[in-house]
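Take a moment with the sequence and the fold before reading on. The report below goes through strands, one residue in detail, and charged pairs.

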Amino acid sequence: MAIIWFNEKPKEGVVTIAQGHLTLNKPATTFFESAYSVMLGIDPDDKKVIIKPLDKATALRHDIPDTKKYRITVRSSYSRITNKAFVEELTGLFNLDFKNETIKFPAEWDNKQKVLVINMKEEIK
């Protein structure tokens, strides 16, 4: 008897953007479980948003200005970054309306750069 064992595919990372905050689903949150804060970046040409986790030691060093570090709240099934100014920047750059709707985007972990990359070109319906 030949048995093929079921192996569930890993769930996709998803980031939901709403007015004032970004919410990461559980698969995306796994990369931020030990994050003390994050850095937020935008690649306007490639239409990507970058989230870089910072551990406590890195976040408390003074080589990264406090104005570039943002708080992340990590829970067991999701994490959230609240930053109204950043979401407003995304609204203008990508011509999206987060005031009246929440929009989900796929996210992938870049193991080389150690950042989460959100693809703003692919809205999840």
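## Strand pairing

Strand β4 pairs with strand β8 (residues 115-119) in the antiparallel sense, over four bridges. This is a predicted model. Within this pairing, look for Val49: Ile118 in β8 stands opposite Val49.

β4 (residues 48-54) has another partner to look at. Seven bridges join β4 to strand β3 (residues 37-43), and these two strands run antiparallel. Here Leu40 faces Ile51 of β4, standing opposite it. In a regular strand, side chains alternate between the two faces of the sheet.

## The β3-β4 hairpin

β3 and β4 form a hairpin with four residues between the strands. One residue to find here is Lys47, which takes a positive phi near 55°.

## Thr23 in strand β2

Now move to strand β2, which covers residues 21-25 and includes Thr23. Is Thr23 buried or exposed? Its relative accessible area is 15%, so Thr23 is buried, the cut-off being under 20%.

What does the side chain of Thr23 touch through a polar contact? The partner is the side chain of Arg80, at 2.9 Å. Set aside the neighbours within four places in sequence, and Thr23 is in contact with Val14, Val15, Thr16, Tyr78, Ser79 and Arg80. Arg80 thus appears both in this list and in the polar contact.

## Salt bridges

How many salt bridges are there? The count comes to five. Three of them are described here, including their partners.

Start with Lys69 and Asp66. Their closest N and O atoms are 3.1 Å apart in a salt bridge. Lys69 has a relative accessible area of 13%, so Lys69 is buried. Asp66 reaches 56% relative accessibility and therefore counts as exposed. One partner is buried, and the other is exposed.

Salt bridges with shared partners join Asp46, Lys48 and Lys121 into one network. Within it, the side chains of Lys48 and Asp46 meet at 3.9 Å, N to O. Lys48 is partly exposed, with a relative accessible area of 22%. Asp46 is also partly exposed, with 32%.

Arg61 and Asp63 make a further pair. Their side chains meet in a salt bridge of 3.0 Å, N to O. Arg61 is partly exposed at 43% relative accessible area. Asp63 has 51%, and the cut-off for exposed is over 50%, so Asp63 counts as exposed.

Conventions. Residues numbered from 1 in each chain as written. Predicted model: local features only at pLDDT ≥ 70, side-chain atom pairs only at ≥ 80, totals over all residues. Heavy atoms only, no water. Buried < 20%, exposed > 50% of the residue type's maximum accessible area, 1.4 Å probe, protein only. Polar contact = N/O pair within 3.5 Å; in protein donor to acceptor, adjacent residues only side chain to side chain. Contact = heavy atoms within 4.5 Å. Salt bridge = Lys/Arg side-chain N within 4 Å of Asp/Glu carboxyl O. Pairing = 2+ DSSP bridges.
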